[in-house]
Amino acid sequence: MERWTEENPPIAGNGWEPYPISLRVVNWIKWGLQEPLSEKILDSLALQLRILEQQIEYHLLANHLLANAKALIFGGLFFASPEGGRWYELGIDIYRQELPEQILRDGGHIERSPMYHAIILEDILDIINLFYAMKGKSRQLPLDFDRIACRMLHWLQVMTMPDGDITFFNDAAFGIAPRLESLIAYANRLGLNYHCSELPAVCQLADSGYCRVACGPWLLWTDTAPLGPDYQPGHAHADLLSFELCYRNKRLLVNSGTSCYTGPDRQLERATSAHNTLTLAGQNSAEVWKDHRVARRGKIVDCSIASQILTATHDGFLRQFGCLHRRCWRWTPEAIFIEDRVSGAAQLPVELYFHWHPDWQVETHGNSAVVLRHVDGTRCQIQFEKPPRRLEVRKSFYRCGFGRRIPNVTIVAEQDKDSMELQIVTRILAL
């Protein structure tokens, strides 16, 4: 803290941007509650809060605005002064306005990223913790933070895999946000008494657009979600109708993940081809560009779930090609069935992508079947009802953390759409 204060005079450099100020203020105050801070650091801390107050990220909204508000609440509780009181009231007012919109009825965060969801959940628990530490448990929380935290814990439980880590939808990576088990332990230390109840076979997070299905050896997560809020899709991927799949509690099919926020790899990671879905003529289902921008984007135009069948359609290719992509997932203990239909007059090449977790080895058998073998010997098989024109095994990367790229394999099934409707049926079989 001393070094940062010396090397970062106000107010030049990225360190004085509102988001890093927000993160730094919280961390410094957490330390200051355990060890006395020098006058120099206290002066810097107060200055950072004053600058943050003048440049709150109303233009970005979403998780950035909540991070700003958290820092103001921390600063307001830490500094017992009229200025601190103003910061506290401003932070609480932002939460009061934003939580009804940003936290959906099913408990999910509006940006539809399990990683950011967990970050914001920890923020809410931190606020509860600090409020009780500074005000005492006899004082009532200014907002219904505890009930909101329990809803968010349930959502995260649904979106967590058997290994305890998150699913990869939109921007998501390991090692950034706390894991579910840590957040539950934290919540219960604060007296929330949250317990992981057994989930039903089908958990539909209807407001978020995700669904978790448990059937025999399979755990399936489907993505029929919007890319995010229309006004802030900065953490969105072009991943409409993608999915992730576990087999015997092992990650099997995985979206490619997020390893960076800048540069050419950022575009690759946000592309439709980095997810378990299909492209038309190599194009994305949404115009992801720059590092955190989306122009025209596809939307889910219908979604229904019946007995062991989930069906949804998106219009991401309608503007470009006049085509709709409809996907149907069906599940039994013996197999997962994926039926893709591309309808429209355009004649186009179609590429269907399946990204396999690095722990699985791939063996192709002709042009219609692939056998997968886990490092522990577990096996399963993927079959195509109609052999694709070309079945290609490509070397790729599982981008599971920032700065981390683990080699894996992607299977690409190529077909030609030469009629009003192309149908591709894929079976993933238990062995």
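This short presentation describes two helices and a group of paired strands in a predicted model.

Good morning. I shall begin with helix α3, which covers residues 39–54. How far apart should its ends lie? At 1.5 Å a residue, its 16 residues should span 22 Å, and the end C-alpha atoms are 23 Å apart, so the two values agree. Several residues of α3 are buried, among them Ile-41, Leu-42, Leu-45, Leu-49 and Leu-52. The list also includes Ser-44, Gln-48 and Glu-53. Which helices do these buried residues pack against? Their partners are α1 (2–7), α2 (18–32), α4 (62–78) and α5 (82–102).

That brings us to α5. For its 21 residues, 1.5 Å a residue gives an expected span of 30 Å; the end C-alpha atoms are 29 Å apart, which agrees. The helix nevertheless bends, by about 25° at Arg-96, and a proline, Pro-100, follows within four residues. Among the buried residues of α5 are Trp-87, Tyr-88, Tyr-95 and two glycines, Gly-84 and Gly-91. The buried residues of α5 pack against α3, α4, α6 (114–135) and α7 (145–158).

I turn now to the strands. Strand β11, residues 324–331, pairs with β12, residues 335–343, in the antiparallel sense over eight bridges. A hairpin of three residues joins the two. Within this pair, Arg-327 of β11 stands opposite Asp-340 of β12. What else does β12 pair with? Nine bridges join β12 to β19, residues 421–430, and these two strands run antiparallel. Here Ser-343 has Glu-421 in β19 as its bridge partner. As a general point, side chains in a regular strand alternate between the two faces of the sheet.

Thank you for your attention.

Definitions and conventions. Residues are numbered from 1 along each chain as its sequence is written. This is a predicted model: local features need pLDDT of at least 70, side-chain atom pairs count only at pLDDT 80 or more; totals for chains, interfaces and linings use all residues. Side-chain values use heavy atoms; hydrogens and water are left out. The expected span of a helix is 1.5 Å times one less than its number of residues. Buried means under 20% relative accessible area, exposed over 50%, partly exposed in between (1.4 Å probe, protein chains only). Contact means heavy atoms within 4.5 Å. Two strands pair if DSSP finds at least two bridges between them. The bend at a residue is the angle between axes fitted to the seven residues ending there and the seven starting there.
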